[in-house]
Amino acid sequence: MKLKGRKIYKGIAGGEAIVTKDGISFYGGVDPDTGKVVEVGHELEGQSITGKILVFPTGKGSTVGSYTLYRMKKNNTAPAAIVNKQMDTIIAVGCIISEIPCVDKIDIGEIKRGQRIVVNGSEGTVEVK
Amino acid sequence: MKLTSEEQNMLDGKRGRAAQKSMEILTTLGEIFDAECMVDVSSVQIAGVSYANLGEAGLEFLSEMADDGKVKVLTTLNPAGIDRENWQALGISAEFAKNQIRVIDAFAKMGIITTCSCTPYFIGNVPHFGQHIAWAESSAVCYANSVIGARTNREGGPSALASALTGKTPKYGYHLGENRHGQVSIKVNAQVKGTDGFGILGKTIGDRLIELGKNIPFITGIPSASVEELKSFCASIATYGGTALFHMEGITPEFDRYPRPTGNVSEINQEDLENARSELVDDCLEVDFVSIGCPHASINEIEKIANLLKGKKVRKEFWITTARPIKRIADEAGYSKIIEDAGAKFATDTCCVVAPIKGRFKGMLVDSAKACYYGRATNKFKVKIGTIEECIEEATK
């Protein structure tokens with residue numbers, strides 16, 4: 001199955017999907033050293049997003065979150081790609097400066113946790129294997 | 001998006017890597033928000049300056065951009081984590097200070113004026129009515145849009161830097177007149193005065209806007225307001241309501257320019273303001289820290305503080321946070337000597353929100369509703385809002 005969305009940042013990445021219905025604030029909500037979600041009460045609290053294809057509705061919180069994504073990329077704790085329902089500026093800018101493939105306008109309800117998926121940031125598509 | 005040939009050259013990497021990365025950021029934001037084209041900006045103000053927020057990776061990003069990036073327009077910085085000349089007296093560690101200076105040096109290499117202030121409009125980075133700008137500090141964004149009538153979206157650190165290095169921003173949001181109309185009428189049926197009073201009004205209206213799901217209020221019932229009162233109001237309504245633009249009848253320059261909002265008028269009464277004030281006073285509060293200057297104090301405020309402190313002795317940690325050029329004026333006018341002789345400290349380039357002082361004090365007294373929010377959330381203090389006079393009285397008690 002191939003889902004068509006919108007290109008945000010170029011590049012192709014494949015991996016295991018980790019999916020949440022909650023928004024994500026990278027500043028304060030994710031630990032850039034461990035790659036784990038630390039926001040209290042978040043659906044993914046305590047889980048690592050490192051190397052996964054991170055699928056969530058939209059970003060939230062402080063604009064400093066863009067730099068947190070960049071820190072994760074440099075620390076090798078970043079997700080391999082990001083798939084959003086609706087892009088916000090914090091995630092978009094974070095992906096551009098960190099060079100993480102990213103697409104939005106995807107029906108994320110079609111993606112299940114643990115599925116192998118391939119994100120093509122240049123085409124704006126997500127392929128579910 | 002439609003790009004000019006020069007904008008396309010930047011995007012294609014013909015003007016260097018920093019300009020290319022900047023254009024990638026700006027065109028992507030433009031696509032997300034359906035901008036048709038870019039617009040030239042005349043001024044930039046960058047947030048994301050404190051090393052506490054940037055860390056090594058953020059510094060690395062800035063250093064990469066500084067390799068070949070040079071600003072195209074006047075650009076200043078938001079407050080940093082330290083006072084560059086006085087950090088030791090404020091109890092900041094040498095290691096933090098060293099890292100903070102590395103951040104400021106990276107900005108300086110790009111040609112940015114490294115005056116660190118949330119009130120760029122007091123220190124010569126000031127647009128005129130209708131100019132397009134790219135500012136990041138939320139209180140300054142609100143002040144520029146509302147009080148000056150310039151046009152900016154709420155930028156993040158990297159997008160503001162991208163505008164500085166290209167002189168461009170995507171034309172969407174508050175850059176377009178059609179998006180600047182008031183959305184809901186707010187009628188104030190109460191006397192409001194002082195920086196604390198206007199901060200409380202900002203919180204009350206900000207909270208109301210969140211409830212109503214509206215962004216731009218059209219406010220009536222305020223007969224007059226000083227620059228300092230508006231500065232405090234902007235900081236507070238931006239903090240509590242996420243507001244980037246308001247219109248105030250008889251006061252802000254665009255209040256009569258657009259059609260007024262139709263629909264129900266939301267009223268703010270004396271009781272609403274009293275409730276908001278009580279929400280900004282924590283129980284069991286023991287004040288051991290007093291801070292004035294959120295947003296950064298004006299020369300008027302510093303004169304007032306000097307007059308109130310004359311001949312008194314400060315007995316608690318007491319910071320006056322301001323921009324360095326304003327401190328220089330206070331030096332020349334003799335206010336600094338009075339204030340420092342009394343035992344209060346200037347904290348320039350920084351403030352009680354971004355300095356690394358988490359947990360250092362138990363209770364903080366301020367005249368700013370914004371400082372109350374971040375004092376609680378970021379620095380884990382108990383807080384209380386009061387007038388400038390009450391702040392001086394507490395500090396000298």
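This short report looks at a helix, a sheet and a pocket in chain B of a predicted model.

## Ground rules

Residues count from 1 along each chain as written, and chains are lettered from A in the order in which they are written. In this predicted model, local features need pLDDT of at least 70, while totals for linings use all residues.

## A covered helix

Let's start with α5(B), residues 138-148; helices here are DSSP runs of H or I with at least four residues, and strands are runs of E with at least two, numbered from the N terminus. Eleven of the eleven residues of α5(B) are buried (under 20% relative accessible area, 1.4 Å probe, protein chains only). Among them are B:C142, B:Y143 and B:N145. Their cover includes β5 (134-135), α8 (227-241) and α13 (369-377) of chain B, with contact meaning heavy atoms within 4.5 Å. Just after the helix, B:G149 has a positive phi of about 85°.

## The sheet

Four strands of chain B make an open, parallel sheet in the order β4-β3-β2-β5; strands pair if DSSP finds at least two bridges between them. At the edges sit β4 (113-116) and β5 of chain B, each pairing on one side only. Strands β3(B) and β4(B) are joined over two bridges, and B:T76 stands opposite B:I113.

## A pocket

The second largest pocket has 21 lining residues, and B:K193, B:G194, B:T195, B:D196 and B:G197 are the closest to its centre. A pocket is an open set of points on a 1 Å grid over the protein atoms alone, where a 1.4 Å probe fits, with protein on both sides within 12 Å along at least five of seven lines; lining residues have an atom within 4 Å of a point. Helix α7(B) gives the largest share of the lining, five residues.

Methods:
This is a predicted model: local features need pLDDT of at least 70, side-chain atom pairs count only at pLDDT 80 or more; totals for chains, interfaces and linings use all residues. Side-chain values use heavy atoms; hydrogens and water are left out. Buried means under 20% relative accessible area, exposed over 50%, partly exposed in between (1.4 Å probe, protein chains only).
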